[in-house]
Amino acid sequence: MAARQKEQQTQDFVKLHLLLTGVQAGLTDLWEVALIPVKAGGIPRSVVVPGRDSRQAAAFAVSKFPGYRAGAARPVTNA
């Protein structure tokens with residue numbers, strides 16, 4: 001079980017490294033997207049996700065956080 005967890009952590013780290021390499025190369029940007037819960041009583045949250053524009057970032061955020069809808073988005077990195 002510990003080996004599987006370690007492997008998952010390694011995969012997550014590699015994905016993050018590739019994402020940040022893409023940001024550094026100018027292939028994508030990082031966006032902060034406000035997420036609003038669909039159901040009443042949920043807690044709003046803010047996440048940082050990759051995207052070429054706010055629409056793509058919002059779609060990515062909603063795909064990763066079901067039960068939320070996208071609110072405002074702002075660039076975290078320079079376009």
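**First stop: the core**

Start by selecting W31, V33, L35, V47, V49, A57, A61 and Y68, the eight residues of the largest nonpolar core in this predicted model. Colour them by element, and you will find that β1 (29-37), β2 (45-51) and α2 (54-64) each give two or more residues to this core. The largest share, three residues, comes from β1. As general background, nonpolar side chains in soluble globular proteins tend to be buried together.

**Second stop: L35**

Now pick out L35, one of the core residues. Which residues does L35 touch, leaving aside its neighbours within four places in sequence? Show P44, R45, V47, A61, V62, F65, Y68, R69 and A70, and you have its contacts. Among these, V47, A61 and Y68 also belong to the core you have just coloured.

**Third stop: helix α1**

Next, select residues 2-25, which make up helix α1. The helix has 24 residues and reaches 35 Å from its first C-alpha to its last, close to the 34 Å expected at 1.5 Å a residue.

Look along the helix for two leucines. L16 is found in α1, and L19 lies in α1 too. In general, residues three or four places apart in an α-helix point the same way, because there are 3.6 residues a turn. L16 counts as partly exposed because its relative accessibility is 44%. L19 also counts as partly exposed, in its case because the relative accessibility is 25%.

Stay with L19 and show T28, L30 and P50: L19 is in contact with these three, leaving aside its neighbours within four places in sequence. For a distance to try in the viewer, go from L19 to G41, which is 22 residues apart from L19 in sequence and 33 Å apart in space, C-alpha to C-alpha.

**Fourth stop: the largest pocket**

What lines the largest pocket? Select D12, K15, L16, L19, V48, V49, P50, F60 and K64 to see its lining. Both leucines from the previous stop are in this list, and V49 takes you back to the core. The pocket holds about 270 Å³ of space.

Colour the lining by element: α1, β2 and α2 each supply at least two residues, and α1 gives the most, with four. Then colour the lining by class, and you get six nonpolar, no polar and three charged residues.

**Last stop: G26**

Finally, move to G26, which follows α1 and has a positive phi, near 85 degrees. G26 lies in the loop between α1 and β1. Is G26 buried or exposed? G26 is exposed, because its relative accessible area is 57%.

Two distances place G26 against the helix. Between the C-alpha atoms of G26 and L16, 10 residues apart along the chain, the separation is 15 Å. From G26 to Q8, 18 residues apart in sequence, the C-alpha to C-alpha distance is 27 Å.

Methods: Residues are numbered from 1 along each chain as its sequence is written. This is a predicted model: local features need pLDDT of at least 70, side-chain atom pairs count only at pLDDT 80 or more; totals for chains, interfaces and linings use all residues. Side-chain values use heavy atoms; hydrogens and water are left out. Buried means under 20% relative accessible area, exposed over 50%, partly exposed in between (1.4 Å probe, protein chains only). Contact means heavy atoms within 4.5 Å. A nonpolar core is a set of buried Ala, Val, Leu, Ile, Met, Phe, Trp, Tyr and Cys residues joined through side-chain atoms within 4.5 Å. On a 1 Å grid over the protein atoms alone, a cavity is a set of points where a 1.4 Å probe fits but cannot get out, and a pocket is an open set with protein on both sides within 12 Å along at least five of seven lines; lining residues have an atom within 4 Å of a point. Grid points are joined across faces, edges and corners, and a volume is the space filled by probe spheres set on the points. Ala, Val, Leu, Ile, Met, Phe, Trp, Tyr, Cys and Pro count as nonpolar, Asp, Glu, Lys and Arg as charged, and the others, Gly among them, as polar. The expected span of a helix is 1.5 Å times one less than its number of residues.
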